[in-house]
Amino acid sequence: MIEIRDLSFEYQTGKPVLHDINLSIKKGEWVTILGHNGSGKSTLSKLIVGLLKPKTGSVVVDGLTLSHDTVHAIRRKVGIVFQNPDNQFVGVTVRDDIAFGLENLQVPREDMIERIERFAQKVGMTEFLNKEPHALSGGQKQRVAIAGILAMDTDVIIFDEATSMLDPKGRRMIVDYMRQLNREGVTILTITHDMKEAVLSDRIVILKEGKILLDDQAELVLNNRDMLEQSNLELLLPLRVRHALKERGLKHPELEALLWASSSNK
Amino acid sequence: MGIKFEQVNYAYRGPDGQKYLALANINLPIGETGEFITLIGETGSGKTTLVQHMNALLVPDTGSVTVLGVKVTKEAVAKKRIKLNPIRKKVGLVFQFPEYQLFEETVLKDIIFGPKNFGVPEAEAKALAHELIKVVGLDESYLSRSPFNLSGGEKKRVSIAGILAMEPDILILDEPTSGLDPMGRDELLTVFNRIHTTLNKTIILITHDMNTVYRYAKRALVMRSGYLVYDGDPQALFSRKNIENWNLETPDLLALQQLISSELGFKFPHTAKTEEDLLTMLEAVIA
């Protein structure tokens, strides 16, 4: 679905933010990009949707190589939900906001109305359609952003730290949508430093200082304390406890199994 | 008494002209020193509005907020009977996106901007900046850098140093760790804890992270729809049954201890406050 080849990027000459990134994401896969603040993970998401231009290398989405000519076609395939729910609103009402992307696609009016209703219902925001975005909570705003992306029928959704500013309820709500969408076949790319979110994905890529440090199955990465700590990240609590017990020479198979199971979503 | 809310009500007018009740009958005493308070509650529950009353950025519609001996009421402010500037110096408020407030060409200039405004001599302010940059966990080489080339976490630290440079008696931070990676978050929380323990300053922290509340707070406040619904011990808070209704979550440590008890029948002598505490108890049970 997404093929990234030898991708490099710098904001300032001589200070690479991303260096020789090679990454391939399959259709229907759920991949998490983990990394410390400043590791380049958000830059990567902006490069995938053509908000930034790579210095070298290429991004291919569903057979289309990203360029000036294909960027609009690619944005129809890849939607992105950003960190700050307040910074992504353009409409006066929730309805206008969902309509915005569709107007850009020149969707016929009848079809547009139907799609707005359908996707507002899907994210549970029907009763808010005529409300102003400012009256919504952060979690509700992010749901509207998701509805706008779904209405454009994208195959891929990137969640770029989309839950990091939300309260626990808002966070749970968005994470539930991620799971549901992925079950329905949407390819999901989550960018986060929250291990509880990473645990839900199939595969985890750790970025460190602009390079890929590790790219493996989620379970294996989650238990790799050295790699996580090298990247300013931490093991989930049950796995931290599991490691600590081992270091103290304590053996208790049932406890170990429980600690392992409670840190996995599978 | 540091700050005292008495029967405070406050409503704001939305762009649609409608009035939204943001604070409803708040009564709240906060000590001038020695408190470590976390303020929690869902988005829109009134947390930010509450702390903006603590340094008179907002003034109650009815009721009063007495800040370090100065009684702030709508009438007193309208008639200019009280000065608000000293209050803002003594109660330092770090906003949710402090990084948006950096504007000088170097970190040093940004840190000394506040104290200079309040009449601190430049040499003294600079000496303070050299000291404070280390307090927030950065080295002195940062002072000559441009604030705009720093990472999000570094910008937050610089803006916190800028507030500390005003030498406030009480420090309020609105979601200071949101968006930071785990290590950045822990480092910053350690900084706040150090300021609290070594300088005995009252710290008030708005957060959505229940683990922070559980680990650091001596006192927890919960807001819901403009009302203060809980004021007390953080551990007792999470042992209540209705916390989901308040849109709170059980902290990871407590959830894990409960899981181990219920699944394996382990008997623990007390509720663990820290990871080390839980490990010590597990060690005793297994051995």
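The following exercises, each with a worked solution, treat the contact between two chains and several helices of a predicted model.

In this predicted model, local features need pLDDT of at least 70, side-chain atom pairs count only at pLDDT 80 or more, and totals for chains, interfaces and linings use all residues. Residues are numbered from 1 along each chain as its sequence is written, chains are lettered from A and ligands numbered from 1 in the order in which they are written, and side-chain values use heavy atoms, with hydrogens and water left out.

**Exercise 1.** Describe the interface of chain A and chain B.

*Solution.*
1. Begin with contact, meaning heavy atoms within 4.5 Å. On this basis 39 residues of chain A touch 38 residues of chain B.
2. Next take buried area, the accessible area (1.4 Å probe) that two parts lose on being put together, summed over both. The two chains bury about 3,300 Å² between them, with 61% of it on carbon and sulfur atoms.
3. Then count salt bridges (a side-chain nitrogen of Lys or Arg within 4 Å of a carboxyl oxygen of Asp or Glu). There are seven between chain A and chain B; A:Glu234 and B:Arg185 form a salt bridge at 3.3 Å, N to O.
4. Finally, identify the elements, where helices (H or I, at least four residues) and strands (E, at least two) are DSSP runs numbered from the N terminus. Helices H6 (168-183), H10 (237-247) and H11 (253-262) of chain A each give two or more residues to the side that touches chain B. H10(A) gives the most, with six residues.

**Exercise 2.** Place A:His243 and state its side-chain polar contact.

*Solution.*
1. A:His243 lies in helix H10 of chain A.
2. A polar contact is a pair of N or O atoms within 3.5 Å; within protein, one must be able to donate a hydrogen and the other to accept it, and residues adjacent in sequence count only if both atoms are side-chain atoms. The side chain of A:His243 makes one of 3.4 Å with that of A:Asn223.
3. Leaving aside neighbours within four places in sequence, A:His243 is in contact with A:Asn223, A:Arg225 and A:Leu235.

**Exercise 3.** Examine the burial of helix H5 in chain A and in chain B.

*Solution.*
1. Buried means under 20% relative accessible area, exposed over 50%, partly exposed in between (1.4 Å probe, protein chains only).
2. In H5(A), 14 of the 14 residues are buried, so this helix is largely enclosed by the rest of the structure.
3. In H5(B), the buried residues are B:Ala125, B:Leu128, B:Ala129, B:Leu132 and B:Ile133. Their cover includes helix H4 (107-117) and helix H6 (152-164) of chain B.
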